[in-house]
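Hi there,

Here is the structure I promised to send over. Have a look at it first, and then read on for what turned up.

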Amino acid sequence: MATPLVGMNGRELEAFFVAQGESAFRGRQVAKWIYSRAAREWSAMTDLSAAMRNRMVAEGVPVGPTTVEERHVSADGTTKFVLRLHDQQFNESVQIVHPDRLTACVSSQVGCAVGCPFCATGLGGFKRHLTPGEIVDQYLTMQHEAAGRISNIVFMGMGEPLLNTENVIAATHILNKEVNVGMRHITVSTSGIIPGIERLLAEEIPVNLAISLHAANDTLRDKLVPINKTYPLGDLIPLCKRYADTSNRRLTFEYVMLRDENDSPEQARELVSLLRGVHCHVNLIPHNPVDGSGLTASDAQIIRNFRDVVQNAGFTTTIRFNKGQDETAACGQLRGRLPARRKAPARS
Ligand code: SF4
């Protein structure tokens with residue numbers, strides 16, 4: 001298969017068209033079509049000659065590397081897209097509608113090797129990394145259909161982004177420079193991969209960082225976030241503090257609330273001591289149902305009690321309102337395979 005256009009940066013697109021015997025300007029025109037206007041077909045690029053567009057179609061040069069297999073719209077407007085990749089794998093992306101903005105939640109891998117026991121992706125195992133083009137194409141697919149501009153991007157879909165750091169950084173640069181999404185509107189959510197965080201710091205990529213913490217001691221975190229055995233809290237938390245201090249950004253710590261696992265007042269106080277001195281926000285996530293996890297959600301009152309302990313200690317603390325739960329589009333529910341139930345027809 002010819003290399004898809006999405007995934008090439010501006011310079012690479014220019015070089016591609018020069019190699020085709022066209023001018024570099026064609027590359028800039030096409031960059032505008034695919035990245036600024038989210039065009040998905042050659043036929044949409046109406047200021048290119050019909051002869052050239054027909055030649056590209058005849059040569060099988062795809063605009064993007066993914067196609068929409070299914071879309072599932074939740075009652076709250078959240079839309080989950082199931083995307084087919086060239087090797088017949090699937091990934092999932094979610095467009096989240098807030099009152100004041102649209103957010104694209106993108107995947108970085110097919111599956112995930114970290115294996116958090118409360119997460120559908122982790123329970124399904126790791127298949128492969130996504131390429132920069134496959135990551136950027138998730139945003140463009142959603143933008144193509146969106147009612148307005150998608151202003152925010154969160155790497156909170158399938159996979160651990162900082163175990164695919166090279167491609168995630170390349171995608172972030174395309175999203176920032178070509179698509180024009182501000183780095184401060186991009187959030188990378190990680191289970192705490194220390195070399196990846198250090199790389200973001202070293203390359204001065206000023207994205208927001210969210211840490212999937214879920215436990216405030218190593219014994220429990222080894223169980224809930226198994227990568228903790230490699231990158232324990234004693235190394236991770238000082239690095240988080242350095243990230244916050246160096247980037248002058250407030251970090252987010254994500255904490256999924258699991259009944260009788262990590263939701264007691266004592267564990268809230270343990271969390272407070274762990275995060276003392278880190279410029280951060282704590283986001284408590286009610287657990288979403290996942291088949292086969294064996295874990296259940298904390299009661300709403302238990303979550304509020306936990307929130308009060310952390311908040312009273314001086315941390316900004318929120319309880320995430322789960323969106324998309326009725327279409328398994330919520331946090332921890334993405335699995336990367338076709339659901340057996342209701343199926344919406346793919347649009348071209
Ligand atoms: S929560 Fe994130 S890191 Fe853990 S298994 Fe799921 S996708 Fe991977």
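A term to settle before we start: a cavity is a set of grid points where a 1.4 Å probe fits but cannot get out, and its lining residues have an atom within 4 Å of a point. Please also keep in mind that this is a predicted model.

**The enclosed spaces**

How many cavities of 30 Å³ or more does the structure hold? There are two. The second largest has a volume of about 30 Å³, and its lining is made up of L162, V168, I169, T172, V188, L200, I205 and V207. By class, seven of these residues are nonpolar, one is polar and none is charged. Helix 6 gives the largest share of this lining, with three residues.

The largest cavity holds about 460 Å³. Its lining counts 31 residues, and those closest to the centre are F118, C119, M156, G157 and S212. Helix 4 (120-123), strand 8, strand 10 (251-257) and strand 11 (280-286) each give two or more residues to this lining. Sorted by class, the lining has 15 nonpolar, 13 polar and three charged residues.

Strand 8 is also where you will find S189. Buried or exposed, what is S189? Its relative accessibility is 10%, and buried means under 20%, so S189 counts as buried. Setting aside neighbours within four places in sequence, S189 is in contact with F155, M156, E160, P161, A210 and S212. Two of those names, M156 and S212, appear among the residues closest to the centre of the largest cavity.

**Helix 6**

Back to the helix that lines the smaller space. Helix 6 covers residues 165-177, and at 1.5 Å a residue its 13 residues should span 18 Å; the end C-alpha atoms are 18 Å apart, so the two agree. Its buried residues are T165, N167, V168, I169, A171, T172, I174 and L175. Among them, V168, I169 and T172 also belong to the lining of the second largest cavity.

What do the buried residues of helix 6 pack against? On the helical side, the partners are helix 2 (24-36), helix 5 (132-145) and helix 7 (194-202). The strands they pack against are strand 6 (126-129), strand 7 (150-155) and strand 8 (186-190).

**Strand 4 and its partners**

Strand 4 (residues 102-105) pairs with two strands you may want to trace on screen. Strand 3 (residues 90-97) runs antiparallel to strand 4, and four bridges join them. The link between strand 3 and strand 4 is a hairpin of four residues. With strand 7, strand 4 pairs in the parallel sense, again over four bridges.

T103 is a handy place to see both pairings. In strand 3, I96 has T103 as its bridge partner, while N152 in strand 7 stands opposite T103. As for the side chains, T103 and C105 point one way from strand 4 and L102 and A104 the other, and all are buried.

**Strand 1 and the open pocket**

Strand 1 (67-73) gives two or more residues to the lining of the second largest pocket, as does helix 5. First, though, the strand itself: five of the seven residues of strand 1 are buried. Strand 1 pairs antiparallel with strand 2 (residues 79-84) over six bridges, and one bridge matches H72 with K80 in strand 2. The hairpin between these strands has five residues, and in it G77 takes a positive phi near 95 degrees.

Now the pocket: about 430 Å³ of space lies in the second largest pocket. It is lined by 22 residues, of which R40, E41, G64, T66 and T67 are the closest to its centre. Nine of the lining residues are nonpolar, seven are polar and six are charged.

**One last residue**

V63 sits in the loop between helix 3 (50-58) and strand 1. Its relative accessible area is 4%, so V63 is buried. Not counting residues up to four places away in sequence, V63 touches P4, L5, V6, I34, A39, R40, E41, W42 and M45. R40 and E41 are also among the residues closest to the centre of the second largest pocket. From V63 to S191 is 128 residues along the chain, and their C-alpha atoms are separated by 33 Å.

Happy browsing, and all the best!

Terms used
Residues numbered from 1 in each chain as written. Predicted model: local features only at pLDDT ≥ 70, side-chain atom pairs only at ≥ 80, totals over all residues. Heavy atoms only, no water. Expected span 1.5 Å × (residues − 1). Buried < 20%, exposed > 50% of the residue type's maximum accessible area, 1.4 Å probe, protein only. Contact = heavy atoms within 4.5 Å. Pairing = 2+ DSSP bridges. 1 Å grid on protein atoms, 1.4 Å probe; cavity = no way out; pocket = protein on both sides within 12 Å on 5 of 7 lines; lining within 4 Å. Points joined across faces, edges and corners; volume = space filled by probe spheres on them. Nonpolar A, V, L, I, M, F, W, Y, C, P; charged D, E, K, R; others polar.
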